[in-house]
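Work through the exercises below with the sequence and the 3D structure open beside you. Try each task before you read its solution.

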Amino acid sequence: MSALADTFSNFIVRQTGARNARVIEFSKLSGGAIQDNFGLTLELEGGDRPGGQEFVVRQDAPSGVAESLSRSEEFRVLQAAFGAGVTAPEPLWLCEDAEVSGRIFYVMSRASGTASPRKLVKGDLTEDQRRHLVRRLGAELARLHTVRPPMDSLAFLELPTGSNPALSRVGLYRRYLEEIGEPHPVLEWALNWLEDHAPEPGPTVLCHCDFRTGNYMVDGDELTAVLDWEFAAWSDPCEDLGWLCCRSWRFGGDDREVGGVGDKADLLASYREVSGADIDPSAVSYWEVMALVRWAMIALQQARRHMSGEQRSLELALTGRMVAQMEYDLLNQIPELEEGQ
Amino acid sequence: MINEPDSRDLLTEARQVLLDSLVPDLAGEQKYQALMIANAMGMAIREIEQRAQGEPDATDRSLSQFLAGHQLPDDPSEGEQTLARALRDRRLDGDDPELRSVLKGMTEARLRINNPGFLK
């Protein structure tokens, strides 16, 4: 570990032009099966960032997921989001020379607070604090969604095929089910419903695609950083809004539609104030159904990684057994939406 | 062959020892792992119990009846595959209450094993 700390420290010394650096703290941070995250606190002498500095270094873990972005791509997405005013960790330096640490990595600023869903959902925030936080989430997404194609720095992100991102998702998930090879009638039924009820697409924008409670840091009632950008894609703004509101990400706070924290009306009002865009709540509800299907697909793929022997893991195995939860939510939520129409 | 105590009994007791004697002394990642093990054992116990009560047969029977009523092959070992394929091929009406009830029955049966607390 200390050799790795020195490697990163030396890299930062070169980037900042510091005379010297002292490692105050270095530790592996929790979370991330796809990447290793390290917290690194340095005392830098001279250079363009003198004094005590807290960084996070993010590098590929041995087991990567083919669907997600590489660290280099993620760094460029983070630059685009940060540049658009999203409260994300500041992307500082990318090291694409694998000789330096053995893998490609990048360094970003470290945010304060916690990302723990339980602490947030079960925590003792007042109603006003919850509303404030939900409004922040709406504002962050509105700023992110100002990033639109084409962008040279994000040329590696594929544009949705066809004219409707929802329908291209339906096609993609049908292919996934085909590949997984296990029959899932409820998911087939839900995909048919999604195909038949696709709303008019919104503009194509940069979506985070994993924007949910657990993936943003909160200090008190202030959002300090939106994390985990490896699934970013060009898509419909409602894909992010629907994922954030999906039942699977309420962590026991079921009656608080926005990530177990607060109300959708506050989220959409704040989104409108920042973006000027009036989002149809029924389109968000539609994308919540899509989110349940997508999470079921991810869970099925994770279970396959275990069952195929590619990565034997109790956690992945248990994730496979969660699919019935998403299916149950689909069987309840679709009729609820139909009744509301 | 009689081989007592049976697997349900062994798993139930082992899970209880894990939860009562070991988990209280664990913290962090180790506690998380122990609770995952208890969770997996709980699923296995409930699955054994459901089999003993013939529940999978009941679920398969209602699926078979549905398939037969819709002129689909009702081979019990292929029932879910047949239903999934018929839905993919758009040969069934997604609004059909009978279809939705069969889907719900299968899903609830799984949840009674995987996570009974999730059922509302």
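The exercises below concern a predicted model, and each task is followed by a solution in steps.

**Exercise 1. The fold of chain B**

Task: State how many helices and strands chain B has, and decide whether chain B is as compact as the globule rule would give.

Solution:
- Step 1. Chain B contains five helices and zero strands. Read from the N terminus, its elements run α-α-α-α-α.
- Step 2. The radius of gyration of chain B is 19 Å, while the globule rule gives 14 Å for 120 residues; chain B is therefore more spread out than a compact globule.
- Step 3. The C-alpha trace of chain B spans about 55 × 40 × 20 Å along its principal axes.
- Step 4. Of the 120 residues in chain B, 30% count as buried.

**Exercise 2. Surface and charge of chain B**

Task: Find what share of the exposed area of chain B comes from carbon and sulfur atoms, and how many positive and negative side chains chain B has.

Solution:
- Step 1. Chain B exposes about 7400 Å², and carbon and sulfur atoms supply 51% of that area.
- Step 2. There are 15 positive and 22 negative side chains in chain B. The centres of these two sets lie 7 Å apart.

**Exercise 3. Two residues in helices**

Task: Decide whether A:L316 is buried or exposed, do the same for B:M43, and list what each one touches beyond four places in sequence.

Solution:
- Step 1. A:L316 lies in helix α10 of chain A, residues 314-320. The cut-off for buried is under 20% relative accessible area. A:L316 has 9% relative accessibility, so it counts as buried.
- Step 2. Beyond four places in sequence, A:L316 touches A:Q302, A:A303, A:R305, A:H306 and A:Q311. A:L316 and A:A299 are 17 residues apart in sequence, and their C-alpha atoms are 7.9 Å apart.
- Step 3. B:M43 sits in helix α2 of chain B, residues 28-52. With a relative accessible area of 7%, B:M43 is buried.
- Step 4. Leaving aside neighbours within four places in sequence, B:M43 is in contact with A:L318 and A:R321 of chain A, and with B:I113 and B:N114 of chain B. B:M43 and B:R110 are 67 residues apart in sequence and 9.9 Å apart in space, C-alpha to C-alpha.

**Exercise 4. Salt bridges**

Task: For the salt bridges A:D60 with A:R71, B:R90 with A:D196 and A:R272 with A:D278, give the N to O distance and describe the partners.

Solution:
- Step 1. The whole structure holds 38 salt bridges over all chains.
- Step 2. A:D60 and A:R71 meet at 2.5 Å, N to O. A:D60 is in strand β3 and A:R71 in helix α2 of chain A, so the pair ties together parts that are 11 residues apart in sequence. A:D60 is partly exposed at 24% relative accessibility, whereas A:R71 is buried at 1%.
- Step 3. B:R90 and A:D196 meet at 2.9 Å, N to O. This pair crosses between chains, from the loop between α4 and α5 of chain B to helix α6 of chain A. B:R90 is partly exposed, at 37% relative accessibility.
- Step 4. In the pair A:R272 and A:D278, the closest N and O atoms are 3.1 Å apart. A:R272 counts as partly exposed at 38% relative accessibility, and A:D278 as exposed at 60%.
- Step 5. Salt bridges that share partners join A:R58, A:D60, A:R71, A:E74, A:D228 and A:E230 into one network.

Conventions
Residues numbered from 1 in each chain as written. Chains lettered and ligands numbered in written order. Predicted model: local features only at pLDDT ≥ 70, side-chain atom pairs only at ≥ 80, totals over all residues. Heavy atoms only, no water. Helix = DSSP H or I, 4+ residues; strand = E, 2+ residues; numbered from the N terminus. Rg over C-alpha atoms; globule rule 2.2 N^0.38 Å. Buried < 20%, exposed > 50% of the residue type's maximum accessible area, 1.4 Å probe, protein only. Areas by Shrake-Rupley, 256 points an atom, 1.4 Å probe, with all protein chains shown as cover. Lys, Arg positive; Asp, Glu negative; His and termini not counted. Charge placed at Lys NZ, Arg CZ, Asp CG, Glu CD. Contact = heavy atoms within 4.5 Å. Salt bridge = Lys/Arg side-chain N within 4 Å of Asp/Glu carboxyl O.
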